[in-house]
Structures are given as C-alpha cells and as structure tokens.
Amino acid sequence: MDNQPKNQISRKGLTVWRVYGSMETAVIALIAIGAGVLTYFFDWPQWLYAAYAAVILLFGFLFIYLFPKIRWQRWRYEVREQEIELQHGLFIVTRTLVPMVRVQHVDTEQGPILRKYDLAEISISTAATTHTIPALVTAEADELRARISVLARVAEDDV
C-alpha cells in the first residue's frame with residue numbers, strides 16, 4: 001500500500017498477541033481433551049482423536065503464528081495536527097481518519113500481560129466510538145496520549 005501511516009506498533013506487541021494465542025489454544029486443547037475423554041468412555045470412532053489433534057494444531061498455527069504476524073505487519077498509525085490515521089486488519093485492511101476536533105478524551109490501558117512486556121494501549125474516544133492503538137511501549141503511549149490531548153485541545157479552540 002502506498003502512503004500508509006508511518007508508525008508501526010512495538011514488535012513486543014507481536015509477542016503479546018502470541019501469548020494471547022497460546023492461552024486461547026490451551027483452552028481449545030482442554031476442550032479437545034474433554035472430547036477425547038468422552039470419545040474413550042462412549043466408545044466413539046477412533047479417528048476422532050486425530051480430528052481433535054488436527055484442530056489443536058491448526059488453531060495453534062493460526063492464532064499463535066500466522067494471525068499475530070499479519071496483524072502486526074498491518075497495524076500502523078500516524079498522529080498529525082488535524083487528524084489521527086489508523087490502519088489495521090487481518091483479512092480486510094481498514095484505514096480510519098479521526099479528526100482532532102472529534103476527539104473527546106484519550107486513555108492509556110495496561111493489563112497484566114501488557115505490563116509484563118512494558119506495553120500499553122491508547123483508547124481515543126469520540127462521540128461516535130472509541131479507537132484503540134494497541135501494543136505501544138508504555139513511555140511512547142504516555143507521550144502520544146499527552147500529544148493527542150494537546151492537539152485535540154488546540155483543534156477545539158480553532159473551531
């Protein structure tokens with residue numbers, strides 16, 4: 001894509017999304033193990049064990065390796081004086097322009113996994129919706145939040 005936003009989220013975000021994918025895969029594995037136990041006790045066909053294993057492997061490949069990689073490569077953002085441009089998507093790439101005059105407030109959020117990797121996400125609220133920039137280094141997120149806040153105030157004063 002030409003002329004896409006210039007800033008990419010932290011590479012540690014890729015690691016965080018892979019941790020989330022591992023946790024989701026673990027849940028799927030537990031469900032598959034439960035199904036395997038049922039298969040054993042109810043004497044269901046043996047090929048179901050292979051199906052359960054295939055589901056776990058496919059899910060793990062997609063949600064631990066492939067989807068986080070694509071998601072990280074496509075996530076871009078740029079904060080300008082008049083607008084914030086966001087680009088993201090897995091299968092469909094969405095590009096969003098948020099005018100500074102529409103920004104009502106900006107928050108940073110950090111859960112335990114993001115904190116472990118020194119990352120935070122920024123939520124930009126408008127009257128219509130909330131836009132999020134995930135997986136920014138905490139210091140960068142705080143700096144960006146302050147910058148957006150100042151630019152939004154200036155844009156509001158100009159109206």
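Student: Which residues form one aromatic cluster in this structure?
Tutor: The cluster is made of F59, F63, F67 and F91. Before we go on: this is a predicted model, so local features need pLDDT of at least 70 and side-chain atom pairs count only at pLDDT 80 or more, while totals for chains, interfaces and linings use all residues. Residues are numbered from 1 along each chain as its sequence is written, and side-chain values use heavy atoms, with hydrogens and water left out.

Student: How many aromatic pairs does a search of the whole structure find?
Tutor: It finds six.

Student: Why is the pair of F67 and F91 called edge-to-face?
Tutor: Rings of Phe, Tyr and Trp (its six-membered ring) pair if their centres lie within 6.5 Å; planes under 30 degrees apart are stacked, over 60 edge-to-face, and the rest tilted. For F67 and F91 the centres are 5.7 Å apart and the planes stand at 85°, so edge-to-face is the right name. This pair also links distant parts of the chain, 24 residues apart: F67 sits in helix 2 (residues 47–74), and F91 in the loop between strand 3 (83–88) and strand 4 (94–99). Helices (H or I, at least four residues) and strands (E, at least two) are DSSP runs, numbered from the N terminus.

Student: How do you know whether F67 is buried or exposed?
Tutor: Check its relative accessible area: under 20% is buried, over 50% is exposed, and in between is partly exposed (1.4 Å probe, protein chains only). F67 has 16%, so it counts as buried.

Student: And what about F91, buried or exposed?
Tutor: F91 comes out at 68%, so it is exposed.

Student: What makes you say that R71 lies over the face of W17?
Tutor: A charge sits over a ring if NZ of Lys or CZ of Arg is within 6 Å of the ring centre and within 35 degrees of the ring normal. R71 lies over the W17 face at 3.9 Å from the ring centre. K116 likewise lies over the face of Y117, at 5.1 Å from the ring centre.

Student: Where is K116 found, and why is K116 called exposed?
Tutor: K116 belongs to helix 3. With 66% relative accessibility, K116 counts as exposed.

Student: Which members of the largest nonpolar core touch the most others?
Tutor: A nonpolar core is a set of buried Ala, Val, Leu, Ile, Met, Phe, Trp, Tyr and Cys residues joined through side-chain atoms within 4.5 Å. This one has 29 residues, and I9, I84, V103, I133 and I148 touch the most other members. Helix 4 gives the most to this core, with six residues. In soluble globular proteins, nonpolar side chains tend to be buried together.

Student: What does V103 touch?
Tutor: Contact means heavy atoms within 4.5 Å. Leaving out residues up to four places away in sequence, V103 touches I84, V98, I124, S125, T126, I148 and A152.

Student: Why do strand 1 and strand 4 count as edges of their sheet?
Tutor: Two strands pair if DSSP finds at least two bridges between them. The open sheet here has four strands in the order 1-2-3-4, paired antiparallel. Strand 1 (7–8) and strand 4 each have a single partner strand, so one side of each is left without a neighbour in the sheet.

Student: How do you know that strand 2 and strand 3 pair?
Tutor: Four bridges join these antiparallel strands, and the rule asks for at least two, so they pair. R76, for instance, stands opposite Q87 in strand 3.

Student: Which strands form the open sheet of three?
Tutor: Its order is 5-6-7, again antiparallel. Strand 5 and strand 7 are the edge strands, as each pairs on one side only. From one strand to the next, the twist averages 20°.

Student: How many bridges hold strand 6 to strand 5 and to strand 7?
Tutor: Strand 5 (residues 105–109) and strand 6 have five bridges, while strand 6 and strand 7 have six. On the strand 5 side, V106 stands opposite I124 and H105 opposite S125. In strand 7, the bridge partner of S125 is T130. Strand 6 and strand 7 also form a hairpin, with four residues between them.

Student: What makes strand 6 mostly covered?
Tutor: Six of its seven residues are buried.

Note on methods. Axes are lines fitted to C-alpha atoms, for helices over the stretch in contact, and angles run from 0 to 180 degrees between N-to-C directions.
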